[in-house]
Amino acid sequence: MIVINNFKSLYLFIIVFFCLSRSGNGQENKRALAHKDYDSWESISSSTISNDGSWVGVEIGLQDGDGRVELVPASTSKSTLLIPRLTKLVFSDNNRWAIGLLVPEKDSIRNMKLQKVKKEKFPKDTLLIVNLELGELRKIPHVKNYSMPADNKMWFAYEVSEEMSESKAEDAENEKEEEEKITLHVAHFEADTVFKLENVTDYGFAANGKQLYYVQRINSDQKRSNRLDIIGLESGQVMTINDSLKQFKKMVFSEDGDQFAFLGCMDAESDESISFDLFYMGLDGNVKKVALDPDLEIEKISEHFPLSFSKDGQKLFFGWQKYPQEYAYAADTTILDEERVSVDIWGWQDEEIQPMQLKNLEEKKKESFVAVYHTESGKVASLGDPERGDLFFNKDKTGKWAIALDDSPYRRNYSWDIQIGKDLWRILTESGEAVLLEEEIIGNPRISPSGKYAFWYSHPDSVWVAYGLESREKLFLTAGIEDVFYDDLHDSPVLPGSNGHAGWSADDRYFLVYGKYDTWMVDPLGKEAPVNLSNGFGETHQVEFRLLDLDPDADFVDLEEDLIFSGKDMVSMSSGFYLIDPKKKKNPELLVDGKAAFFGLKRSKDKSGFIYQKSTFQESPDIFFTEKGFNKSEQLTRINSQQEDLLWGEVELVEYRVNDGNMMNGLLFKPENFDPQKKYPMMVYFYERSSESLHQYRSPVPSASIINIPYFVSNGYLVFVPEIQYKIGLPGPSAYDCVVPGVQAMIAKGFVDPANIGIQGQSWGGYQVAYIITRTNMFKAAGAGAPVANMTSAYGGIRWGTGMSRMFQYEQTQSRIGGTLWEKPMHYLENSPLFYADRIQTPTLIMHNDADGAVPWYQGIEFFMGLKRNDVPSWLLVYNNEDHNLKERKNKKDLSIRLAQFFDHYLKEAPAPLWMEEGIPAIEKGKTLKYELSDD
């Protein structure tokens, strides 16, 4: 046992955070966004509020650089603490402490990498403990990680990484131990005592913070063994649970901490065959191996399935697996490795095609089925079954019933039908008795919080359904209610989904479900008439109300207290928060709203304080604090102050008429100090629908695939984002019929330069760009990322990210053909840009990467070769080992530069960069980027 004294700040950095009102520079002193600005752009990565609402912690990150945490007091009598490089911030339960990890400076790590310093020599993290009352900081160096109990956040454990000499580091590497050993320290915020535990390989708190288990590697007489102990944190008393097994896994406490379970085995990890047993420690403190009845046909206990107790501690759930089948060919030691056949055989009868099987192979090896140990009776029941599909419980796992969903009879069709049916089974958790309730449900059943109902949205019926698990009565929850419970903007050849639900009230008494605008409270038994909680205000004013979950630990919606909803005006896109009293039939009470996006509402545990974020296109999503009643909101953060020195812009919601006569919305972004008398170049970007993002803040970020709107607007472009309304079988013409009239409507406003309009999109947007430029020359340049150019070849392709056939996409979803290649051959041909590539005259920049998991990259090759063969100026960017959208920041920055240079050349008459003029031959790859502009 080690005592750590409470000492005053090993001074890191504390400053009083205050905001200076800046007068703002004039237009003449501002500059346009540059690619160099991306790295320093800030975003709020997380926020938290103390239990009593007295402190707010905000973690602010940079895109590439050292972030910070701002600890902001609700009281003006205390100062804000600004702590650089702090992450993983948590407040103590008594609101007096904060804890987190200080990470090393990124520049320091980068310099060490440049100097080829070994990773073992890199600086380690530091645990920082903040006394919020005194403003003191305490640092504990060389910490790898820390953890806390789920509920009682007064204890914390931290893993210390001791400094190693180079020789010791090499020795440790050479040992290649099966499990990494750590020195674990367990401490309390308000006690001087610290428990120091050596050679720990695994550990975990009880949820209530009263106990901690840990596994230690014990070396004695040149023998290695493991020991599993539990320490009572208040008493310091250690109880050895087991010291004879070689492996321990999946340790878990019951919710009250009085019961404990784990998997253990006598086999080492290096052994070929490993067999685990289930061990349980009950209220009497005795540890016993759970005996399995051979009649249950539980073949072996799964080491991959997490153990869990029901909330009441009466059930312990574990997993079992089938023994792997043995094959003579695999076991034949007379066959050399180079003589073994390696072949994939695709069979027409397979439930899943080979790419899906290979993609899910490791998961299949770990496939486990659920069993339950009843802690009072000692009985074991198998609940899961290889023939019955996935198992679902109510949240606290106390229910009498579970449900199983089996799609195996229909899974063969999944390659072309993503709404395959599921058979619904009722499972008795006492014995595992299974009863088939309904076959081929087109929906996604789940179990209600108290376990009384299976419920789902029935796509064919456009109605919410509940199935009484005890009564076996099917209940149509929303039938007869005059509202729209399906997505009425749905425009693809598959059954539309629902608007969602808000959950159930206590004891499954009421079901809360969303109509088009309003929220309804429904009695599943039909004894009471449905109640419109928002009193019809939503439909009358076209405000969409959705319940906010302010207590993520709650199992149900508490109808005894006022509920807070988000409200979004679907005409103006303004939003805010509203209070609804479920016991009174009256209109929602407005708490806060505006021409902005309000989101991220969180509430302190004592319900006295709230934090939320608010943003517009011009205003970063900062954190605001308010007390109960929302009478006054205080802005706590002011990120991205550098934006005041940069040209930005504005956005407006525009309306225009499309070719079929309907009115559509779009977004028009304008440069700062927009002059309607000038003519501006315009970029057109789109996907499907996006007008709801009117008040979304868009950070300047290097592009993963699409143009960065703030960058282009800051650099003098208009950016128009039209919306698409699709007709089944006509995805290309639908895009043309909506985009081109939208562009013409913008030109008619008089400030768009019709000779300098560009168009860009990615994936589905890339396809639509490729199609549109076969129909019109109104665009001077086009960018098509990962486009499907040939629907006939793409139809038979694979989405390598999931291993799925692409058929479903054309028959049912985004591509919207609505039939097979043989049923609608002309639709596939007429919607494919490749077959009309000879009509294209628009210079085109394509990006399609060679590890694309969504659209096979040969689609980009087919399109590029079609353009090249027809002498259209075109370039294909292929980022090696990159996915559908770029992952590597270096590649994102590169694409951003090339997108800007490409469109600047064609729409602003800027000189072409050398990569466009000369290309980059393979022999120059990796040696030059050729961003330099030509002299022409």
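These questions and replies go through a predicted model of one protein chain.

Me: How do you know that the radius of gyration of the protein chain agrees with a compact globule?
Reply: Set the two values side by side. With 936 residues, a compact globule would have a radius of gyration near 30 Å. The protein chain has 31 Å, so the value agrees. Along its principal axes, the C-alpha trace spans about 85 × 75 × 65 Å.

Me: What makes up the secondary structure of the protein chain?
Reply: There are 15 helices and 54 strands. As for contacts with a separation of 6 or more, 55% of them join residues 24 or more positions apart.

Me: What share of the residues count as buried?
Reply: Of the 936 residues, 51% do. To be buried, a residue needs under 20% relative accessible area. The accessible surface of the chain comes to about 44,100 Å². Carbon and sulfur atoms hold 48% of that surface.

Me: How many side chains are positive, and how many negative?
Reply: The chain has 103 positive and 143 negative side chains. The centres of the two sets lie 3 Å apart.

Me: What makes a set of residues a nonpolar core?
Reply: The members must be buried, belong to a list of residue types such as Val and Ile, and be joined through side-chain atoms within 4.5 Å. The largest core here has 53 residues. V684 and I759 have the most contacts inside it. Helix α8, residues 731-747, gives the largest share of this core, seven residues. Apart from it lies another core, of 38 residues. Its members include Y717, L895, Y906 and A912.

Me: Which residues does I759 touch?
Reply: Leaving out residues up to four places away in sequence, the list includes M683, V684, F686 and V739. V769, I772 and I773 are also among them. So are F779, A781 and F903.

Me: Why is helix α9 called largely enclosed?
Reply: Count its buried residues. Nine of the nine residues of α9 (764-772) are buried, so the helix is largely enclosed by the rest of the structure. Among them are W764, Y767, V769 and I772. The cover includes α8, β49 (752-762) and β50 (781-785). Helices α10 (791-795), α12 (825-830) and α13 (858-869) are also part of that cover.

Me: Why is A851 called partly exposed?
Reply: The label lies between two cut-offs, under 20% for buried and over 50% for exposed. A851 has a relative accessible area of 35%, so it is partly exposed. A851 lies in the loop between β53 (844-847) and α13. Its contacts, beyond residues up to four places away in sequence, are N881, E882 and D883. R31 is 820 residues apart from A851 along the chain, and their C-alpha atoms are separated by 38 Å.

Me: Why does D508 count as buried or exposed?
Reply: Buried means under 20%. D508 has a relative accessible area of 3%, so it is buried. The residue is found in the loop between β33 (501-504) and β34 (511-514). D508 also has a positive phi of about 60°, although it is not a glycine.

Me: Why does D871 count as buried or exposed?
Reply: Exposed means over 50%. D871 has a relative accessible area of 68%, so it is exposed. D871 sits in the loop between α13 and β54 (874-877). Its phi is near 60°, a positive value in a residue other than glycine.

Me: Why does L475 count as buried or exposed?
Reply: The cut-off for buried is under 20%. L475 has 9% relative accessibility, so it counts as buried. L475 is in strand β32, residues 474-476. Not counting residues up to four places away in sequence, L475 touches Y453, W464, V465, A466, P524 and L525. G526 is 51 residues apart from L475 along the chain, with 8.4 Å between their C-alpha atoms.

Methods: Residues numbered from 1 in each chain as written. Predicted model: local features only at pLDDT ≥ 70, side-chain atom pairs only at ≥ 80, totals over all residues. Heavy atoms only, no water. Buried < 20%, exposed > 50% of the residue type's maximum accessible area, 1.4 Å probe, protein only. Helix = DSSP H or I, 4+ residues; strand = E, 2+ residues; numbered from the N terminus. Contact = heavy atoms within 4.5 Å. Rg over C-alpha atoms; globule rule 2.2 N^0.38 Å. Areas by Shrake-Rupley, 256 points an atom, 1.4 Å probe, with all protein chains shown as cover. Lys, Arg positive; Asp, Glu negative; His and termini not counted. Charge placed at Lys NZ, Arg CZ, Asp CG, Glu CD.
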